[in-house]
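Hi there,

Here is the model I promised to pass on. Have a look at it first, and my notes follow below.

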Protein chains: 2
Amino acid sequence: MEPATGTHAALAPIPANNAAGTDINPCSACPVRSLSVCSALEQEELRRLAEILVNMKVEPGHTMFSEGDKADMLFNVTSGTMKLYKLLPDGRRQITGFLLAGDFMGLSVNDTYAYSAESVTQATLCRFPRRRLEALLEDYPKMQRRLFAMASNELAAAQDQMLLLGRKNAKERIASFLLLLSQRAVRRGFKDNPVHVPMSRSDIADYLGLTTETVSRTFTQLKTSRVIALMEGGKVKINDRDALQDLADGAA
Amino acid sequence: MEPATGTHAALAPIPANNAAGTDINPCSACPVRSLSVCSALEQEELRRLAEILVNMKVEPGHTMFSEGDKADMLFNVTSGTMKLYKLLPDGRRQITGFLLAGDFMGLSVNDTYAYSAESVTQATLCRFPRRRLEALLEDYPKMQRRLFAMASNELAAAQDQMLLLGRKNAKERIASFLLLLSQRAVRRGFKDNPVHVPMSRSDIADYLGLTTETVSRTFTQLKTSRVIALMEGGKVKINDRDALQDLADGAA
DNA sequence: AAAAAGCTTTGATCCAGGTCAAGGCAGGGC
DNA sequence: GCCCTGCCTTGACCTGGATCAAAGCTTTTT
């Protein structure tokens, strides 16, 4: 049994019905479960593992861990949105990614986290001792394969983001961002239009390498040109997807 | 035997003494060899694989593959420097990384390359059918592990680069770049000072999200303030590593 | 319901780095 | 040797997005 650690004291463990013995649902997104899809992971093994999982629920703005902390825990997002970011000493921030249900965080090559993680919305996560995963990987090579595929996908996304940060202008960045959110929504079976944009202007700015003012002005421009419409509840209606796509590709 | 494909026609296969049966040197960097370090890969297996490897030598500026090409080949750099980049339709370019001896390129989740690859200097590479690697991974799980570690490292580097591109100014970018080159040199057992900078101003600019003019001016500034000295042969002498480090971290 | 605290938007101004233009300098071909 | 070509550097100017400032709007507190 893992006792709640100091840094995670504020986290409320969910009493939860996904304790040991729950049915194996590939998409319910706990690490064991999402990874077990393609492995011959056995019931008994799964049951043992479920015992060391800790499900937790956090409010918006809760810091899960910070860059440089000892990385002995691994998290799997089960609902809500998280943000990963890096800071410069003077406070400048770069958000490297937003995570949704099913995404992993906390994987690390050396023994400290390479970034900080904070909740954007209310979120639920599944915590898991890193060592245990490593042990699991020894026994179930197919999990390793799955993990590698995940890392490869993240890497491809990171390369797209480098192109955006290094070479796109403000309008192109916002267009790319909206399409990304829209595509991710589709992939997860949610409605892709209007797009739900749960993060603040400041988070968007720090993700796109802009300022809140520029983000706001650019949204206004896109709204004025009828490409999008801003709706209440942080929703954005995409009126002209082709125009947005051309902008995002830098073709316009 | 793999016939030379159309796109690789210009590549000169090296007659080479690293054909089948050569000694197994972990750091000689062909994929089989560098991966075999931590696997129980057997002599016989290795010998069979060496037969399908194609060693090649390319001149500076040679395109190995382009974004969108069918990704059926995998490459391992054995000497020289390569660059990976993405383009926007209007020609804006973002270099996502420079590869040195021992680095892999061409790994891809779907079946097309996500970026283009071109040689910066004269370089030698080892070409390898992707399918063959996949088959190998089935049999040797530890290779998978190694590959995952590589992808994780690349991912961490990509996140550092996002911070650089999104939030650092020109001086901080150049400082970070020089320190990166220096550190990589050390890790590979080369002299780290003066640093060898084999790429053109234009490549540096496209890697750092700047223009050639700004790169040039910034080098001049650092030279004027005695932090570095520009030497002949594309070498840069680091005079004040601490100052450079403070700049790179955004602490100055 | 009023006050307070945070976002978000909009406006006015500024400046780091981009753009445009012109030399400088080194290597290669003849 | 001398031109040609392709970097690299430097200068002059411009601009997209940052910065600074001030309202709106929303949400929370009391």
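A residue is counted as near a strand if one of its heavy atoms lies within 4 Å of that strand. Please keep in mind that this is a predicted model.

I began with DNA strand C. Of its atoms within 4 Å of the protein, 61% belong to sugar or phosphate, and the rest to bases. The strand is surrounded by 16 residues, and the closest are A:R201, A:S216, A:T220, B:T214 and B:R217. Sorted by class, this surface has eight polar, five charged and three nonpolar residues.

Where does the surface near DNA strand C come from? At least two residues each are supplied by α6 (201–208) and α7 (212–224) of chain A and by α7 (212–224) of chain B. The largest share, four residues, comes from α7(A).

Some polar pairs may interest you:

- The side chain of A:R201 has an N or O atom 2.6 Å from a phosphate oxygen of DNA strand C.
- For A:S216, a side-chain N or O atom is 2.9 Å from a phosphate oxygen of the strand.
- B:E213 has a polar side-chain atom 3.1 Å from a base nitrogen of DNA strand C.

Then there is the pair of protein chains. A turn of 180° with a shift of 0.0 Å along the axis lays chain A on chain B, with an RMSD of 0.0 Å. That is the relation of a two-fold axis. The copies meet through the same surface, because 100% of the interface residues of chain A are also interface residues in chain B.

Happy exploring, and best wishes!

Notes
Residues numbered from 1 in each chain as written. Chains lettered and ligands numbered in written order. Predicted model: local features only at pLDDT ≥ 70, side-chain atom pairs only at ≥ 80, totals over all residues. Heavy atoms only, no water. Polar contact = N/O pair within 3.5 Å; in protein donor to acceptor, adjacent residues only side chain to side chain. Nonpolar A, V, L, I, M, F, W, Y, C, P; charged D, E, K, R; others polar. Least-squares fit on C-alpha atoms with pLDDT ≥ 70 in both. Contact = heavy atoms within 4.5 Å.
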